[in-house]
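Colleague: Could you take me through one part of this model slowly, as I am new to reading structures? I would like to look closely at a sheet and what packs on it.

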Amino acid sequence: MRKLFGTDGIRGVANSYPITAEMVLRVGRAVACIFREGKRKHRILIGRDTRLSGPMIENALAAGICSTGVDVVLAGVLPTPAVSRLTLKYGCDSGIMISASHNPFQDNGIKVFSSSGLKLPDKTEEEIEKLICSEAAESFSAAPEEIGEVSNCPEAEDLYTREVLESVAPDCSLGGLKLVLDCANGAAYRIAPLVFRKLGAEVICLADNPDGKNINFNCGAMHPELISTKVLEHGADLGIALDGDADRVIMADEQGRRLDGDNIMAICAVQMKAEGLLKKNTVVATVMSNIGFLSAMKEKGIEVVRTQVGDRYILEEMLNKGFNFGGEQSGHLIFLDHSKTGDGILSALQVMSIMKKRGMRLSELNTMTTFPQCIINVNVRERVDLETIPEINSAILDEEKKLGEKGRILVRYSGTQLMCRIMVEGPSDGEIARIASRLAGLIRTRLN
């Protein structure tokens, strides 16, 4: 079992194991060793979000990397998808994003990309872990004259902005659309408003003044009620909520109704199929996707392939099977023809371009019926195999039997936090709330 990497890199409370300066230095050294091949000069690009701990981690990573003789390119505050793109564009051996995504500011994390801008497969992460835990990477220390150099990349924002704008047609104009944009006080607080305004949209910005501690605080994709309220208040056409590193998006229509990743995927998949752009007539989703999404896709004659939770598993399936579109209910959407990772800004642009092409409001495009769903998160001490706890396992089986084909239950551990997620779908809000509450109580009693 891996000790450091979860479903989205290494994550934890800043200045506590494993996100300490000492440990992060070792991570930087190990990553450099894994991606350093041959005798040519190597370099790794680093980006970060707006968290208070970001510069500390950035400096520790850079020190570890440079100690092996590998150069570092500091891209500054950037969305995660920008780090993925720029790693490839600059011909870097690897890219690292310092972010804990939607988590509160106290947390931070390290996401590693390959030279092609892809998140790492499990096997590579395991190799990095072995180097860190065995301290073998310390044997790769460079001679004084070969220590790596650190440089900055002041044009990073402009390069990413241009590439995102190229994801829509050259004649695409968002003129006439008024949107409420929640930047989550995160990595996209400068870039996101610029992108939408460049295409002519009227932008009302929220949470665009980060102070290091307010990232995701009562704002962003984890608090979509804010854009719902502000859309109605300003009479806007839609709302867009990004998360801390801007790799996911949640939206609201002109009536203030929330659209999660499933709703957005349904809209885009139907349009892509109509334009002949949906490869193999298939969308890749995860086990978390709502039953209503599956039903909507079936009605439109679109196949759905499901993976375990995590956008990198979606991407792996897309690359292995030749698909080009997929995503998660949480708002990570991958348009593989344009990006190799989830991109909240790009995803929102695709939806807005569809609105303009079809001359329709967002509420009119969103025809998916969402089945009642209840999710409860329970903090746990450790991730114990639930099947080894008879009381919990029996309760899950009992409730699944009662639901039959009218619903489903999914109980799993978070890959980024010590937390167990209970998701129940069914015929009524009351019934699923009862089931979720019962299971949450059992898990809380046994594992909290």
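Modeller: Happy to! Two strands count as paired if DSSP finds at least two bridges between them; the strands themselves (E, at least two residues) and the helices (H or I, at least four) are DSSP runs, numbered from the N terminus. Please keep in mind that this is a predicted model, where local features need pLDDT of at least 70, side-chain atom pairs count only at pLDDT 80 or more, and totals for chains, interfaces and linings use all residues. Residues are numbered from 1 along each chain as its sequence is written, and side-chain values use heavy atoms, leaving out hydrogens and water.

Now find Val180, which stands opposite Ile204 in β9. Strand β8 (residues 178-182) runs parallel to β9, and five bridges join the two. Both belong to an open sheet of five strands with mixed pairing, in the order β9-β8-β10-β11-β12. At its edges stand β9 (202-206) and β12 (258-259); each has a single partner strand, so one side of each is left without a neighbour in the sheet.

Next, look at the helices, taking contact as heavy atoms within 4.5 Å. Helix α6 (residues 191-198) packs on the sheet and touches β8, β9 and β10 (238-242). Its direction makes about 170° with that of β9; axes are lines fitted to C-alpha atoms, for helices over the stretch in contact, and angles run from 0 to 180 degrees between N-to-C directions. Helix α7 (residues 225-234) also packs on the sheet, touching β8, β9, β10 and β11 (249-252). The direction of α7 makes about 150° with that of β8.
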